[in-house]
Amino acid sequence: MKNTLRRHSIQFKLTLTFLFILLPLVGVSLFSNYYSQRMVYDQTTERTRGALLTTLEYVDQLTKNMDQQTLLIGSNPALVDVWRNIRDPLSRDLLFDIYTVQRQLSALTNVNGAVKEAFIVHGASGNGVSTLSGGIKWPNVQEESWFRQTIDAGGGLVVYVPTPANEGDSQYLNENDIYYARLLDVFGNNDEPNAMILVVDKSSLRKIVQHLQTSPNTDISLYYNGDFVLKSNPDFERSDEMISIKAESGSWSIAMEQPKAELFHQPRKLQKLTSWIIAVSALLAVWIASLVYVSIARPLHQMLRAINQFSGGNLNAQIGHRRKDEFGYLMNAFNRMADAQRKLIEDDYEKELRLARSEFSLLQSQINPHFLYNTLDSIYSVATKNRIGEISEMVINLAQFFRVSLGKGRESFTLEETVQHLMYYIRVQQIRTDHFAVDIELEEDTKQIPLLKLILQPIVENAIVHGLGKSLYGGDLSIRSWLEAGRLHLEVEDTGIGMEESVLGELREELEGITSKSYRISQEKPFSRFFGLKNVKARIKLYYGDEADLRVDSSYGEGTRVTMILPLRKEGKA
């Protein structure tokens with residue numbers, strides 16, 4: 001027996017499994033090495049892309065500064081007005097004004113250290129002023145591509161990058177600078193197309209990107225709208241196997257190229273060997289995983305399904321198996337536990353149900369009906385003999401009430417019979433107090449619905465004794481019934497003194513704690529407050545289930561309304 005158990009044990013199976021796992025450990029180590037290299041590559045790529053984006057933010061910020069500075073110059077009336085409606089800015093009568101413009105332009109551009117030079121060009125004449133050269137003559141300026149782009153931009157900023165192909169178009173533009181141009185009058189008040197230019201040396205941008213260059217074999221290139229602007233390594237020569245990382249931000253883009261050899265140093269033979277080992281290890285891993293699944297995962301899933309079924313209410317849940325290992329013993333233990341638990345729950349439920357019914361029967365049998373009937377008949381005879389009509393009527397109604405209430409045999413009556421029986425009690429209270437009226441409104445389709453005996457009497461008694469009885473001016477007692485959403489609604493409403501807000505809240509809290517599983521009223525304080533209503537809700541919860549409910553609404557000085565909601569069974573009975 002012990003040898004059989006040892007042969008089928010999980011420990012034995014796991015031992016064999018780990019022996020097979022030991023075989024590809026070398027391959028797993030090599031794979032880990034490859035995977036770590038891949039992680040280094042991914043992390044390096046991600047960090048490089050982040051650094052490239054950060055660099056582009058600096059370049060883009062420089063462009064934004066140029067945009068703000070040209071906008072500031074183009075909206076300065078002291079500069080714009082000088083160039084409005086003139087034929088030649090270099091005429092003698094305008095020399096002083098142009099000199100003043102040069103000084104103001106120099107003052108505005110000196111605040112930005114990246115600005116190398118600034119121009120303002122008169123579009124009609126081609127003459128203008130430079131912060132470095134003073135007066136300039138720019139022949140045929142309107143035919144140059146940067147000037148046409150500036151006019152087409154309609155007051156927007158134009159970034160112009162000269163290339164070897166277009167560098168010879170102008171004597172003032174060269175490939176080593178970047179030009180930021182805008183119309184001088186940004187508000188469009190001047191019909192003449194005058195332009196201003198801020199010149200930035202490419203070396204300023206090259207200093208920004210060169211800090212990303214990690215080796216002499218690395219090159220970083222900057223582009224604007226896809227056109228080449230500059231590169232950090234002029235001597236860079238591209239090889240066949242390169243790693244290229246690109247990043248974009250607005251109109252600017254940047255690219256870094258680096259040889260793969262600087263990141264990957266393992267020989268190709270080792271890579272091939274690693275690939276073979278990975279393939280073999282993968283096949284072994286699949287086979288071992290299937291063994292582990294069959295031996296461990298599948299029985300665990302079987303037990304989990306059975307436990308979920310049992311916890312969901314299926315007390316007959318069992319695990320069918322033929323196992324002889326520890327899982328087999330565990331499944332057998334679960335099956336035995338489920339059987340014992342099912343029997344325990346069934347026995348406990350039947351015991352509690354019998355106890356509740358016996359307590360209810362005991363409550364009704366505490367009064368001796370035969371003795372009570374004889375006593376009431378004697379009182380009726382004496383009242384009739386002495387011609388006391390009120391007493392005889394009260395006694396006969398009370399006798400009829402107790403004859404039905406304490407009578408044995410029937411446990412339920414129709415709603416119509418219940419109200420007729422209830423009228424005996426109400427008539428007794430009317431004779432006693434003689435200061436309230438009764439209104440009964442029963443929908444026709446509710447009259448034949450059976451109800452539990454004495455289910456309305458405590459509610460009516462509360463309405464008369466605690467509501468109408470404490471009112472000095474009488475009042476009305478109303479009993480109504482209707483069907484709604486497959487439920488019978490019974491409403492008892494009085495126009496008595498009502499309840500204060502604190503008392504109503506306490507009553508609702510007491511009633512809220514009564515459910516079909518906590519139906520028994522505490523016997524420590526049998527005459528505590530709200531005992532009648534609590535007893536009613538406990539009885540309807542016990543006999544009608546959790547869908548049954550008892551609701552109380554009251555306003556102090558106006559009256560109280562108690563609504564009982566009972567679910568209908570399939571045959572139309574409550």
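Q: Hey, how does the lining of the second largest pocket split up by class?
A: In this predicted model, the lining of the second largest pocket has eleven nonpolar, six polar and four charged residues.

Q: And what volume does that pocket have?
A: The second largest pocket comes to about 510 Å³.

Q: Which residues should I click on to find its centre?
A: Of the 21 residues that line the second largest pocket, Asn462, His466, Met499, Val503 and Phe530 lie nearest its centre.

Q: Cool. Which element gives the largest share of that lining?
A: That's α13, with five residues. At least two residues each come from α13 (457-468), β15 (487-494), α14 (501-512), α15 (531-544) and β17 (559-567).

Q: You mentioned β15. What's in the loop between β14 and β15?
A: Ala485 is one residue there, with β14 covering 475-484. Ala485 isn't a glycine, yet its phi is positive, about 55°.

Q: Is Ala485 buried or exposed?
A: Exposed, because its relative accessibility is 67% and the cut-off for exposed is over 50%.

Q: Which other residue has a positive phi without being glycine?
A: Asn140 is one, with phi near 55°. You'll find Asn140 in the loop between β3 and α6. Asn140 also counts as exposed, at 55% relative accessibility.

Q: OK, new topic. What order do the strands take in the open sheet of six?
A: They go β3-β2-β1-β6-β5-β4, and the pairing is antiparallel. β3 (134-137) and β4 (158-160) stand at the edges with a single partner strand each, so each has one side without a neighbour in the sheet. From one strand to the next, the twist averages 25°.

Q: What packs on that sheet?
A: Helix α5 (residues 95-109) does, touching β1 (115-121), β2 (127-130), β3 and β6 (195-201). The direction of α5 makes about 145° with that of β1. There's also helix α6 (residues 145-153), which lies across β4, β5 and β6 and runs at about 165° to β4.

Q: How many bridges join β4 and β5?
A: Three, in the antiparallel sense, with β5 covering residues 177-183. Val158 has Ala181 of β5 as its bridge partner, and Tyr160 is matched with Tyr179 of β5.

Q: And β5 with β6, how many there?
A: Seven bridges, with antiparallel pairing again. Among them, Ile178 is partnered with Val200 in β6.

Q: How many residues of β5 are buried?
A: Seven of the seven, so β5 is largely enclosed by the rest of the structure.

Q: Which residues sit on each side of β5?
A: One side has Asp177, Tyr179, Ala181 and Leu183, and the other has Ile178, Tyr180 and Arg182. Both faces are covered.

Q: Why do the residues skip every other number like that?
A: Because side chains in a regular strand alternate between the two faces of the sheet.

Q: Makes sense. Where is Pro193?
A: Pro193 is in the loop between β5 and β6. Its relative accessible area is 25%, so Pro193 is partly exposed.

Q: What does Pro193 touch?
A: Not counting residues up to four places away in sequence, Pro193 touches Gly123, Gln142, Phe147 and Ile151. Pro193 and Leu183 are ten residues apart along the chain, and their C-alpha atoms are separated by 6.8 Å.

Q: Switching again: how many cavities of 30 Å³ or more are there?
A: There are two. The largest cavity holds about 70 Å³ of space.

Q: Which helix gives the most to the lining of the largest cavity?
A: Helix α12 (residues 415-433), with four residues. The lining includes Phe413, Glu417, His421 and Leu456. By class, the residues there are five nonpolar, three polar and two charged.

Q: Last one: what's up with Ser253, is it buried or exposed?
A: Buried, because its relative accessibility is 14% and buried means under 20%. Ser253 lies in strand β10 (residues 252-259).

Q: What is Ser253 in contact with?
A: Leaving aside neighbours within four places in sequence, Ser253 is in contact with Leu56, Ser221, Leu222, Tyr223, Ala247 and Glu248.

How values were computed. Residues are numbered from 1 along each chain as its sequence is written. This is a predicted model: local features need pLDDT of at least 70, side-chain atom pairs count only at pLDDT 80 or more; totals for chains, interfaces and linings use all residues. Side-chain values use heavy atoms; hydrogens and water are left out. Buried means under 20% relative accessible area, exposed over 50%, partly exposed in between (1.4 Å probe, protein chains only). Contact means heavy atoms within 4.5 Å. On a 1 Å grid over the protein atoms alone, a cavity is a set of points where a 1.4 Å probe fits but cannot get out, and a pocket is an open set with protein on both sides within 12 Å along at least five of seven lines; lining residues have an atom within 4 Å of a point. Grid points are joined across faces, edges and corners, and a volume is the space filled by probe spheres set on the points. Ala, Val, Leu, Ile, Met, Phe, Trp, Tyr, Cys and Pro count as nonpolar, Asp, Glu, Lys and Arg as charged, and the others, Gly among them, as polar. Two strands pair if DSSP finds at least two bridges between them. Axes are lines fitted to C-alpha atoms, for helices over the stretch in contact, and angles run from 0 to 180 degrees between N-to-C directions.
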